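Welcome! Here is a short tour for anyone meeting this structure for the first time.

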Amino acid sequence: MNIILLGPPGAGKGTQARFLEEKYGMLQLATGDMLRAAIRRAEPIGVEAKKIMDQGKLVPDQLMIKMIEVSIEHPACTRGFILDGFPRTVPQAEALDVMLASRHKKLDAVIELSVDEATLIERISGRFICAKCGAGYHDKFMPTKVPGVCDECGNKEFIRRPDDNAEVLKTRLKAFNEQTAPILPYYKGKNLLHIVDGMASMKEVQEKIESILEMAKKS
Ligand code: AP5
């Protein structure tokens, strides 16, 4: 199955994509993670993207479309993929349709995680990741089992994203409302859109998404 997880910053797209990847073996294609990896490797695309991401704005469509076009060729995508962070504009959604059609692939579901703004701010401001393995945590909602020690790899160093602050978050939310939200009617028109209450617990959100995927499998 090929699905899209949509939602504002902090809605839980990455969290749910990792659960689904583990359960269904679909590949998570997270454009934000890809861009951050390009920044760490000082690739030209990373240098161009960093300035834009630090301001909370969107990276140009053509760059993102090319990135996804390369990613969906990954052999692991034959088991299906989860798009996390793409598409984020109507031109990206249209380009995705073209690239899937030319490869005889299709989308099975588009899942929007709906979360109110106060909760998004709380989630974003408490998020941190392991500096070594990238495992994600939250001060309040998902702390490490042993304080200051990564559950996955035992590392003791953690980082917070430079764009995870109140000022940049305002711009990220504006970008979502003005440039990303218009793609919701696009997918509604194709009968692919499912809205999930992203305010529920991580487990409840996961169960809801799984029931949508089970239904999509049968249709
Ligand atoms: P990206 O990395 O995609 O960031 P984002 O969309 O802002 O999303 P986040 O990763 O911040 O949030 P999330 O929904 O994954 O939430 P998470 O699961 O971590 O993009 C970054 C930047 O890259 C963009 O601003 C843009 O510049 C650029 N970019 C990327 N793709 C692009 C594209 N296609 N076009 C143009 N530019 C692009 O959860 C957040 C926290 O909440 C975590 O700590 C988690 O533990 C906690 N949490 C999650 N779910 C729950 C729950 N149900 N209950 C309680 N806590 C929860």
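The notes below go through a sheet, a hairpin and a helix of this predicted model.

## The five-stranded sheet

A good place to begin is the open sheet, where five strands line up in the order β2-β3-β1-β4-β8 with parallel pairing. Strands β2 and β8 (193–197) sit at the edges with a single partner strand each, so one side of each has no neighbour in the sheet. From one strand to the next, the twist averages 20 degrees.

Now look at β4 (residues 109–114), which runs parallel to β8 and is joined to it by five bridges. Here you can find I111 opposite H194 of β8. Helix α2 packs on the sheet, where it touches β2 and β3. The direction of α2 makes about 65 degrees with that of β2.

## A hairpin and its extra partner

Next come β5 (residues 127–130) and β6 (residues 136–138), an antiparallel pair with three bridges. Together they form a hairpin with five residues between the strands, and G134 in the turn has a positive phi of about 80 degrees.

Strand β5 also pairs with β7 (residues 158–159), again antiparallel, through two bridges. Follow I129 to see both pairings: it stands opposite G136 in β6, and its bridge partner in β7 is I159.

## A helix with a buried side

Finally, turn to helix α4 (residues 61–71), whose buried residues are L63, M64, I65, M67, I68 and S71. An α-helix has 3.6 residues a turn, so residues three or four places apart point the same way. Among the elements that cover the buried residues of α4 are β2 (27–30), α2 (31–40), α3 (44–55), β3 (81–84) and α5 (90–101).

Technical notes:
Residues numbered from 1 in each chain as written. Predicted model: local features only at pLDDT ≥ 70, side-chain atom pairs only at ≥ 80, totals over all residues. Heavy atoms only, no water. Buried < 20%, exposed > 50% of the residue type's maximum accessible area, 1.4 Å probe, protein only. Helix = DSSP H or I, 4+ residues; strand = E, 2+ residues; numbered from the N terminus. Contact = heavy atoms within 4.5 Å. Pairing = 2+ DSSP bridges. Axes fitted to C-alpha atoms, helices over the stretch in contact; angles between N-to-C directions.
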